[in-house]
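Colleague: I would like to learn how to read empty space in a protein model. Could you take me through a case?

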Amino acid sequence: MSPTHVVVLGSGFAGLETAFSLRALANPDRVQLSVVSDRDDFLFRPNSIYLPFGAAEAPLHVPLGTALRRREIASHIATAEGIDTERGVVRTSRGPVPYDKLVIATGAAMRPEEVPGLAEHAHTVWSPGRLHALGEQLQWVVQHAAHGRLQRVLFLVPPGNKCAGPLYEIALMLDTWLRRRDVRDNVQLAFTTSEQNYVQAFGPKLHDVVATEFSTRGIDGRTGAVPDKVRELEVAYTDGTTQEFDLLVAFPPYVAAQRFEGLPADDRGFLTCVPSTREVVGCPDVYAPGDAGDFPVKQAFLALLQAQAVAGQIAADVGAHLPGTGFEPVSMCVLEMFDKATFAQVPLSVTGDPVRPVVVDPEALDAYRVGTSAAWRLGKKALGTYVPGRFRAGLPVHAGAGWDTMALGLRGATRWLAR
Ligand SMILES: Cc1cc2nc3c(=O)[nH]c(=O)nc-3n(C[C@H](O)[C@H](O)[C@H](O)COP(=O)(O)OP(=O)(O)OC[C@H]3O[C@@H](n4cnc5c(N)ncnc54)[C@H](O)[C@@H]3O)c2cc1C
């Protein structure tokens, strides 16, 4: 029998975890693997929050050529532009790529234009380039504040953003960073979010942590604040209020990085998936793990879990593995603040309510844990070394002795440092 050709679109968390997990589960005689991506590296986005504060960008990029070759995975540097599910072919900028099974892991993109004026007047959090540009502005804030000129920095989460955590991190890190430069007294920090609670997806415990931090640090926070339009130096909200700023930092609304005509998707282009398998509804043999799919929270940790479910499913289909349990959405995140960090482990349940699309799973409250400590900063550092290292070696994140050690450490730390 000829091997099943599995084509993976995208070389981010979801694409690489699917490809490397599948290779670990199925030999080349069972599964022929190809990755089609518009870039030849992996970008470790979570640590890009350090860029505005002067961190180097190079360690965030992992070249993939050697890792893919070592795992006998063909690499096509091309943009996927369309899919013919009838014929089993992906149309790319470099010609057609046929598949037996397809994994769409092309991730998300930003659409700041949804809020009039946002693209023109805000610094946005997304790509390394934009985060470097924010860093330059922060240097100006320090300069002005050091000369006694009051600076107003406003952070903004509009509706449609699917991963607000990094913006909270940057706000809290900025507070610590300004204090260490002795200019905090001359900088007003404010944070307005359209969410009902701070970091809404992660439940009431994380809201309480952020509310306490904002109050202790003198950050003026407001929830339920929906921006209507952004003008030069001012945001107008739908409730008639306004807020002035010298520097506006926003995490824009999300859309799919690539829309695929003919596949079922929501109005933002996120592909409609069977919840536990991440198979695209009505398209057998097509899967969409990670940000490209319709899971309401977009996060690297969740992308990895979805990718494992997809790899397990495909491996079982080709007879190389027993069926797995599928995707169980238990999120984990570490919220950096520079002087400490907060860890959250959150079992999630999807509600179908657009205002509150996920809640903490009421059936798994024991697993809902949040803790704040300087020690959690080490956890963030360890992940920032471990994950890129695994992909550099052509190995899945959630497997092997390295992950067993990480998981053991996490379990222990969660027991002692989170409740
Ligand atoms: C500043 C910031 C900080 C973050 N911090 C965290 C964190 O601490 N923890 C966490 O869990 N999550 C974090 N996230 C979210 C996390 O980065 C994403 O959820 C994660 O990257 C999603 O993985 P993915 O593989 O689905 O998509 P991506 O990582 O975006 O990968 C998509 C891949 O597809 C490729 N691609 C896109 N379009 C095409 C196309 N048409 N053809 C071919 N290839 C294409 C891209 O080049 C890329 O290789 C953060 C996000 C940001 C912006």
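Modeller: We will go through an enclosed cavity and then an open pocket, bearing in mind that this model is predicted.

Colleague: How is empty space found in general, and how many cavities of 30 Å³ or more does the count give here?

Modeller: Rolling a probe the size of a water molecule over the atoms shows where empty space is left. In this model the count comes to 1 cavity of 30 Å³ or more, and the largest cavity has a volume of about 40 Å³.

Colleague: Which residues line the largest cavity, and which strands each supply at least two of them?

Modeller: The lining consists of Ser11, Val35, Val36, Ser37, Arg39, Asp40, Leu64, Leu68, Ser75, His76 and Ile77, with strand 2 (31-37) and strand 5 (73-77) each supplying at least two residues. Sorted by class, this lining of the largest cavity has 5 nonpolar, 4 polar and 2 charged residues.

Colleague: Turning to the second largest pocket, what is its volume, and which residues are closest to its centre?

Modeller: The second largest pocket has a volume of about 400 Å³, and of the 15 residues that line it, Met332, Gln345, Trp403, Ala407 and Arg411 are the closest to its centre.

Colleague: Which element gives the largest share of that pocket's lining, and what is the make-up of the lining by class?

Modeller: Helix 9 gives the largest share of the lining of the second largest pocket, with 6 residues, while helix 7 (300-317), strand 21 (330-336) and helix 9 (400-417) each supply at least two. By class, the lining of this pocket has 7 nonpolar, 4 polar and 4 charged residues.

Notes
Residues are numbered from 1 along each chain as its sequence is written. This is a predicted model: local features need pLDDT of at least 70, side-chain atom pairs count only at pLDDT 80 or more; totals for chains, interfaces and linings use all residues. Side-chain values use heavy atoms; hydrogens and water are left out. On a 1 Å grid over the protein atoms alone, a cavity is a set of points where a 1.4 Å probe fits but cannot get out, and a pocket is an open set with protein on both sides within 12 Å along at least five of seven lines; lining residues have an atom within 4 Å of a point. Grid points are joined across faces, edges and corners, and a volume is the space filled by probe spheres set on the points. Helices (H or I, at least four residues) and strands (E, at least two) are DSSP runs, numbered from the N terminus. Ala, Val, Leu, Ile, Met, Phe, Trp, Tyr, Cys and Pro count as nonpolar, Asp, Glu, Lys and Arg as charged, and the others, Gly among them, as polar.
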